[in-house]
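Q: I am new to this structure and would like a close look at one part of it. Please start there and then work outward.

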Amino acid sequence: MKAWRVHRHANPTKALELDEIDDLEPGPEQVRIAVRSTVLNFNDIDGCYGRYRTVNPPLPYVAGMEVVGVVDAVGAGAEEWLGKRVMTTPDGAMGGYAEQALAGLDMLFEVPESLDDREAAAFFFPFHLSHLSLHERAQLREGESVLIHAAAGGIGSAAVQLAKAAGAKVLATAGSEAKLELCRELGADAVFDYTSGDFSPWVVEQTDGKGVDVVFDTVGGEVTERSWQCIGLNGRHVMVGFSSGIDREDSGFEPRAILFGNFALLGVILVYTRNADAIKQATGWNFMPRSVGDEVEAHLEELLASKTIRPVIGRVVGFDEVPAALEAMEARKTMGRTVVEVQG
Ligand SMILES: NC(=O)c1ccc[n+]([C@@H]2O[C@H](COP(=O)([O-])OP(=O)(O)OC[C@H]3O[C@@H](n4cnc5c(N)ncnc54)[C@H](OP(=O)(O)O)[C@@H]3O)[C@@H](O)[C@H]2O)c1
């Protein structure tokens with residue numbers, strides 16, 4: 001089978017090579033997926049550079065964190081999944097830029113019938129992650145205000161829709177007029193180009209001087225620190241990602257801003273597990289139980305059925321275009337999700 005593998009740590013077009021590698025065989029409680037669509041995730045760029053410590057295996061490895069396809073082989077204990085159309089994160093959060101991927105059962109979901117393969121690829125990760133961020137972590141309530149950064153991005157575009165569906169006032173930031181227009185289309189109440197200046201006075205003004213209730217932050221760095229100037233009393237800041245530079249993970253924050261802000265700083269990671277206690281003991285991390293994933297999926301399917309939310313596909317590219325498409329994402333040229341056609 002064909003797969004894009006990271007051979008060296010560099011920019012995507014230098015790091016990735018299209019290789020012919022052996023077919024995969026599923027182990028116990030694992031499925032093999034004949035991949036139809038995969039999708040760009042910002043973390044794959046950090047993986048190419050070797051600065052994404054969560055997924056940093058020995059070279060070469062197959063990149064790609066998300067797939068949609070059909071289960072064509074199963075290990076013991078996964079028999080019920082054979083032939084099903086699924087969406088998932090492959091095991092180890094890698095291996096998605098390939099014609100086949102292996103996945104365990106913790107993160108495996110059937111694709112809702114109403115979505116085609118491309119739509120499912122744009123739906124799964126952004127909407128689950130945004131739901132966990134806004135609801136399970138930030139406990140967003142109707143009538144509250146939410147500041148969403150990189151709101152025209154893959155994950156941001158889902159967050160805008162879910163925040164609106166929850167009855168919140170949505171303040172969206174993004175880096176160009178076309179991106180702001182998309183945010184408006186998705187339901188944002190007010191938009192701001194944060195490449196043109198400091199957004200924090202604008203947020204304070206938009207919230208009648210009080211500051212915003214919830215911040216949804218996939219950008220990090222200076223954007224995070226400026227958000228603390230405009231978050232309100234008892235606000236909740238959800239750290240979702242670091243698109244402006246994952247190296248900021250190491251730089252630390254000024255604790256004074258958090259103390260004097262009287263707000264809560266929250267983290268979120270999209271990983272469901274059926275063994276939360278074992279993960280806790282082995283790593284110290286807290287992953288969401290799979291039962292939460294099932295509840296989130298059920299709520300999202302209701303919202304899809306009522307056409308309250310829709311996956312946002314910015315662009316569809318061919319399998320041979322993965323490295324160039326990742327570089328377009330790195331250069332902030334993408335909107336919504338970039339879906340990669342793998343088969344059919
Ligand atoms: N917590 C989790 O479980 C989890 C899992 C996967 C991914 N993530 C994170 O979620 C974030 C969003 O991922 P995504 O795949 O949906 O990407 P994305 O938001 O579609 O693309 C990145 C966007 O970030 C914005 N950005 C701001 N500063 C940037 C910079 N210096 N360089 C590049 N882009 C910059 C750009 O939008 P503007 O031009 O509008 O600023 C750009 O279009 C990433 O940080 C990713 O690591 C989190």
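Which residue in β2 is the bridge partner of Val6?

A: The model is a predicted one. In β2, Val6 has Leu16 as its bridge partner. Val6 has a partner in β4 as well, and that partner is Tyr61.

Now take the strands themselves. Strand β1 covers residues 2-6, and strand β2 covers residues 16-20. These two strands run antiparallel, with 5 bridges between them. Strand β4 covers residues 61-62. β4 and β1 are also antiparallel, and 2 bridges join them. In a regular strand, side chains alternate between the two faces of the sheet.

Step back to the whole chain. It is divided into two domains. Domain 1 is made of 2-115 + 312-341. Domain 2 is 124-267. The C-alpha centres of the two domains are 27 Å apart. The domains also touch: 13 residues of domain 1 are in contact with 14 residues of domain 2. On the domain 1 side of that contact, 6 residues are nonpolar, 2 are polar and 5 are charged.

Next comes the ligand. Both domain 1 and domain 2 give residues to the shell around the ligand, so the ligand lies between them. The shell has 27 residues. The closest are Gly153, Gly154, Gly175, Thr218 and Gly241. Three elements give two or more residues each to this shell: α2 (42-49), α4 (154-165) and α11 (322-330). The largest share comes from α4, with 3 residues. By class, the shell has 13 nonpolar, 11 polar and 3 charged residues.

Two of those shell helices also pack on each other. They are α2 and α11, and their axes are 10 Å apart. The angle between them is about 105°. Angles of 65 to 115 degrees count as roughly perpendicular, and α2 and α11 are therefore roughly perpendicular to each other. From α2, the contact uses Phe42, Asp44, Ile45 and Cys48. From α11, the contact uses Leu326, Met329 and Glu330. This contact has 5 nonpolar and 2 charged residues, and no polar ones.

So what is the path from Val6 outward? Start with Val6 and its partners, Leu16 in β2 and Tyr61 in β4. Move on to the two domains of the chain. End at the ligand, which lies between them.

Notes: Residues are numbered from 1 along each chain as its sequence is written. This is a predicted model: local features need pLDDT of at least 70, side-chain atom pairs count only at pLDDT 80 or more; totals for chains, interfaces and linings use all residues. Two strands pair if DSSP finds at least two bridges between them. Helices (H or I, at least four residues) and strands (E, at least two) are DSSP runs, numbered from the N terminus. A residue is near a molecule or strand if its C-beta atom, placed from the backbone, lies within 6 Å of it. Ala, Val, Leu, Ile, Met, Phe, Trp, Tyr, Cys and Pro count as nonpolar, Asp, Glu, Lys and Arg as charged, and the others, Gly among them, as polar. Domain bounds come from an automatic or database domain assignment. Two residues are in contact if their C-beta atoms, placed from the backbone, lie within 7 Å. Axes are lines fitted to C-alpha atoms, for helices over the stretch in contact, and angles run from 0 to 180 degrees between N-to-C directions. Angles under 35 degrees count as roughly parallel, over 145 as roughly antiparallel, 65 to 115 as roughly perpendicular and the rest as oblique.
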